[in-house]
Amino acid sequence: MNHQIQIQATGGPEVLAWVEAPLPDPGPGEARIRHRAIGVNYIDVYHRSGAYPVPLPAVPGFEAAGVVEALGAGVTGLRMGQRVGYVDGPTGAYAEARNHPADRLIPLPDSLSDEDAAALLFKGLTAHMLVRRVWRADRGPWALVHAAAGGVGLLLTRWLAREGAKVIGVVSDPEKASMVAAEGAQATVVVPRGGAYDGLAAEVRHLSDGVGAGTVFDSVGQDTFTASLASLAPFGLLASYGRSSGPVPPVDAADLGRRGSLAFQRPSIFHHIASPADLRAAAADLFQAHADGKVRPHVHDRLPLREAGRAHALLESRATRGALILVP
Ligand SMILES: NC(=O)c1ccc[n+]([C@@H]2O[C@H](COP(=O)([O-])OP(=O)(O)OC[C@H]3O[C@@H](n4cnc5c(N)ncnc54)[C@H](OP(=O)(O)O)[C@@H]3O)[C@@H](O)[C@H]2O)c1
């Protein structure tokens, strides 16, 4: 029998249930992966809370690292015992083992441990998208990164800084600010939990010699949307890639114009790695960036898989710095 975490009804972390369920042999084109480390991502919280509806019951999770344990019919290019990871659906990573489409599996380099892979793949490929497809130096050197000490945030801050961006990282406490500075941020702004972002735009202009940010990377959403727009330089881009505080309001095109010919984008990792070729190329680039020291995974903590609810509560409490890992 295979143990897994199920969302049986939407709600708080307490709805995550530890259950036993049979695992069939992998179907055609699938491989069975025995998980060694599972990545916790904010999208798992949205699935659990109902913010992003999924048919229930559902096993959450888009990210894990493990070894190939069985191969379905027609699968080529993988071998038994090979270390692999993955970053997309169908959901189901919160399990001891699962079957997954073989063409979406990423062979892992020996230089990356299972835990580091589970901390790096989903968040690192998101950072890869933001650095390679969204960031453009000619919009201006200043990049404002919200939740800069988060799972994506630490990777993004380091990578942008190594691409020459002057990163201003927004965090909620001084300890997070120190971590963000250590990744290469030029400056940090602390907005404590429960505090307002009203003064952020003025602070960003002050730090950037009156220029403002060429690009804002905003994963917080509702609470930061207005401050993010107000922080941009003319012709700047708001890359709104998450909503940990709630959904962003509808975007008003006339308002973008009035504020300085601004642009708005809602980038998604799932478009970035849509084809197997896109996925392989992005993963190869990410592993090279890891080897070059442009990204480095941070594991905040590892918890037993059956304590997935505690992991969600921790993530939502804003106490984590870097990634949370579940260990089967
Ligand atoms: N578009 C995509 O393809 C894509 C892919 C991956 C992730 N994402 C998004 O990127 C974001 C980061 O994901 P992650 O897994 O790395 O999480 P995370 O950044 O480690 O955690 C969320 C962080 O957001 C900040 N935050 C500010 N206000 C918050 C609030 N009201 N509630 C909760 N958190 C708040 C907190 O940092 P402070 O306390 O320092 O403010 C918190 O630590 C999420 O929004 C996720 O949906 C998007």
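In the predicted model, Pro90 is located in the loop that runs between strand 5 (83-86) and strand 6 (97-101). The peptide bond joining Gly89 to Pro90 is cis, with an omega of about 5 degrees. A cis peptide bond is also present from Leu56 to Pro57, where omega is near -5 degrees. Pro57 belongs to the loop between helix 1 and strand 4 (64-71). A further backbone feature concerns Asp209, a residue other than glycine whose phi is positive, near 55 degrees. Asp209 is placed in the loop between helix 5 (200-207) and strand 11 (213-218).

The domain assignment divides the protein chain into domain 1, made up of residues 2-121 and 270-327, and domain 2, which covers residues 140-266. The contact between these domains draws on 21 residues of domain 1 and 23 residues of domain 2. Taken over C-alpha atoms, the centres of domain 1 and domain 2 are separated by 28 Å. About 1800 Å² is buried between the two domains, and carbon and sulfur atoms account for 53% of this area. On the side of domain 1, the residues that lose the most area to domain 2 are Lys294, Arg318 and Arg321, which together make up 37% of what that side buries.

Polar interactions were also examined at this interface. Three salt bridges are found across the interface of domain 1 and domain 2. In one salt bridge of the model, the side chains of Arg296 and Glu183 meet with an N to O distance of 2.8 Å. Between domain 1 and domain 2, 11 residue pairs are in polar contact, counted where both residues have pLDDT 80 or more. On the side of domain 1 that touches domain 2, two or more residues each come from helix 1 (42-49), helix 2 (114-134) and helix 9 (276-291). By class, this side of domain 1 consists of 12 nonpolar, five polar and four charged residues.

Over the whole structure, the search for salt bridges returns 20. A salt bridge joins the side chains of Glu316 and Arg48, with 2.8 Å from N to O. Glu316 is part of helix 10 (residues 308-316) and Arg48 is part of helix 1, so this pair ties together parts of the chain that lie 268 residues apart in sequence. In general, side chains of opposite charge can pair when their charged atoms come close.

With regard to annotation, an unreviewed UniProt entry places the feature "domain: Enoyl reductase (ER)" at residues 11-326. In the model, the span 11-326 is 31% helix and 25% strand. The C-alpha atoms at the two ends of this span lie 20 Å apart.

Definitions and conventions:
Residues numbered from 1 in each chain as written. Predicted model: local features only at pLDDT ≥ 70, side-chain atom pairs only at ≥ 80, totals over all residues. Heavy atoms only, no water. Domains from an automatic or database assignment. Contact = heavy atoms within 4.5 Å. Buried area = accessible area lost by both parts, 1.4 Å probe. Salt bridge = Lys/Arg side-chain N within 4 Å of Asp/Glu carboxyl O. Polar contact = N/O pair within 3.5 Å; in protein donor to acceptor, adjacent residues only side chain to side chain. Helix = DSSP H or I, 4+ residues; strand = E, 2+ residues; numbered from the N terminus. Nonpolar A, V, L, I, M, F, W, Y, C, P; charged D, E, K, R; others polar. UniProt positions renumbered as here; feature names shortened; annotations may be inferred.
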